[in-house]
Amino acid sequence: AAIFCRTRDPPSQPFCCSSRLVANFHEMEDSEERDAVLRMRHSAEAETGDGDAMGCGSKRPSGGGAQHLRQVRFRQEEQERKEEMLRDKQSVLEHGRHPYGVQPMGNMYASATPSIRPGLGWFGLLGDQAVLDLLEMLDAQQLGLLTCCSRVLYVFCHHDEVWRSLVLRLFGGQFEFKRSWKDTLGYAVRKAQYIPHLPREIAGVYSDLLFQPWLCSSMGICHEWLERSNIPRRSNLSVQEFIDEFEAPNRPVIITDAMSDWPAMHKWTKEALLSKYGAVTFAAGSVDMRLDAFCRYSDAVQEERPLYLFDKNFTTKCPDLAEDYWIPAYFTHDLFSVLGTERPDWRWLIIGPARSGSAFHVDPNQTSAWNAVITGRKKWIMWPPHYHPPGVWPSEDGSTTTSNASITEWFLNWYPQTQTEAVRPLECVQEA
């Protein structure tokens, strides 16, 4: 649970992404890539005299040699990190397979099993995303009929995001999550008569679009990027020090003792909130859900893009919550207050399971904000206004951003690149 508030306008606003316990990285797909990494590492070791230390039989580089040596050592460290991530991914793939046998597209070129994509028929003329977009327009009966047409359509029609779209379209937030979104729909419609679906593995289905969500939801958390933190943590910070060191230069900071006297810190437990507000409906993405139903969903779900409770009217729905916290002294100078009843949305209650969070964005109205974590952990990563993060495309005027990747997918595919670019991100893990 967290409180999120916006206050004054800064001179500029960074790109920002936040997430709760985002999953692990994407690593190399096959043994060929692993061999390439090992060759690169051996080459780097050769460049440094097989790992000998400076002054132990090797000549001290002159001129630009020192910089070259640092680059070689950096490449060595980078390859070691990649090898560690590869071991993590290999562990996932050894202990679990995609429930429908889907493999990444790259595996098709080294596999003896041919692709069964021709079984899509005329759908095969479309890309995978277009096929899924069409399937999301169908109802449950039509999807069931299509699963009988071919093995590859069986796999496409059981993609969990297709059934999630159908559940939310039919029931909004009035559902009880049951293991998968197809089972959720089945139990909602047939109740006790429903027989849980048992996935069947199909050989010859190669699709990054179908494989990636499963991979993102199955892998654990890479400690490497969770441990990276270059945002200062301060306590006993005076208001003037905050203004001089952080507000004026527009720099983020974690203030570790700003909430120590809040009643929310001991009153906002999951059990206490459910006992008092379990029947209250909150906004969760595109739907409204009761808090008790949302918590049951959060406990059971394991998906790439989980629903994220983000409610701007929580103090109206639950007035007592407003008495459990107050604005820290650092943020009492609020320029929005001059707008009275015309002020834009400015505070939210946020609750989410692992891998939930906001995508990359520029904060609305170019505002500054403060965020207080009551329980759990939240990863933050941000860039200065003039820089565009890899995998993120800003609009022409810079007011909005676009990224097709989920939070987890972005970390899998783009995060390693951020550690080698000229402009490094500011990042940290905020925790209660």
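**Close-up 1. Helices α6 and α7 pack against each other at an angle of about 35°.** In this predicted model, the axes of α6 and α7 lie 7 Å apart. These two values are the usual pair to look for, since two packed helices are described by the angle between their axes and the distance between the axes. On the α6 side, the residues that meet α7 are D160, W163, R164, L166, V167, L168, L170 and F171. Their partners in α7 are W181, K182, T184, L185, A188 and V189. Sorted by class, this contact holds 10 nonpolar, 1 polar and 3 charged residues. As you follow the two lists, it helps to recall that an α-helix has 3.6 residues a turn, so residues three or four places apart point the same way.

**Close-up 2. Helix α7 has buried residues, with other helices among their cover.** Which residues of α7 are buried? They are W181, D183, T184, L185 and G186. The elements that cover these buried residues include α4 (residues 140-147), α6 and α13 (residues 291-300). W181, T184 and L185 deserve a second look here: besides being buried, they belong to the α7 residues that meet α6.

**Close-up 3. The second largest pocket has a volume of about 620 Å³.** Its lining is made up of 26 residues, and those closest to the pocket centre are P99, D160, R179, S180 and Q302. Three elements give two or more residues to this lining, namely α6 (160-171), α7 (181-190) and α8 (208-218). Which of them gives the largest share? That is α8, with 5 residues. By class, the lining of the second largest pocket divides into 10 nonpolar, 8 polar and 8 charged residues. D160 links this view to the first one, as D160 is also among the α6 residues that meet α7.

**Close-up 4. The largest nonpolar core has 69 residues.** The members that touch the most other members are L135, F175, M289 and Y297. Helix α5 (residues 151-157) gives the most to this core, contributing 6 residues. A second, separate core has 14 residues, among them W225, F360, W383 and F411. As background for this view, nonpolar side chains tend to be buried together in soluble globular proteins.

**Close-up 5. Y297 has contacts with residues beyond its sequence neighbours.** With neighbours within four places in sequence set aside, Y297 is in contact with R164, F175, F177, W181, M289, E303, P306 and L307. Two of these partners, F175 and M289, are listed with Y297 among the members of the largest nonpolar core that touch the most other members. W181 and R164 will be familiar too, as both take part in the contact between α6 and α7.

**Close-up 6. K191 and N236 each have a positive phi in a residue other than glycine.** K191 comes just after α7, in the loop between α7 and α8, and its phi is near 55°. Is K191 buried or exposed? K191 counts as exposed because its relative accessibility is 54%, and the cut-off is over 50%. N236 sits in the loop between β3 (233-234) and α10 (239-247), with a phi near 50°. At 68% relative accessibility, N236 counts as exposed as well.

**Close-up 7. The whole protein chain has 432 residues.** The chain is built with 16 helices and 14 strands, and buried residues make up 45% of its residues. Among contacts between residues at least 6 apart in sequence, 75% join residues at least 24 apart.

Notes. Residues are numbered from 1 along each chain as its sequence is written. This is a predicted model: local features need pLDDT of at least 70, side-chain atom pairs count only at pLDDT 80 or more; totals for chains, interfaces and linings use all residues. Side-chain values use heavy atoms; hydrogens and water are left out. On a 1 Å grid over the protein atoms alone, a cavity is a set of points where a 1.4 Å probe fits but cannot get out, and a pocket is an open set with protein on both sides within 12 Å along at least five of seven lines; lining residues have an atom within 4 Å of a point. Grid points are joined across faces, edges and corners, and a volume is the space filled by probe spheres set on the points. Helices (H or I, at least four residues) and strands (E, at least two) are DSSP runs, numbered from the N terminus. Ala, Val, Leu, Ile, Met, Phe, Trp, Tyr, Cys and Pro count as nonpolar, Asp, Glu, Lys and Arg as charged, and the others, Gly among them, as polar. Axes are lines fitted to C-alpha atoms, for helices over the stretch in contact, and angles run from 0 to 180 degrees between N-to-C directions. Contact means heavy atoms within 4.5 Å. Buried means under 20% relative accessible area, exposed over 50%, partly exposed in between (1.4 Å probe, protein chains only). A nonpolar core is a set of buried Ala, Val, Leu, Ile, Met, Phe, Trp, Tyr and Cys residues joined through side-chain atoms within 4.5 Å.
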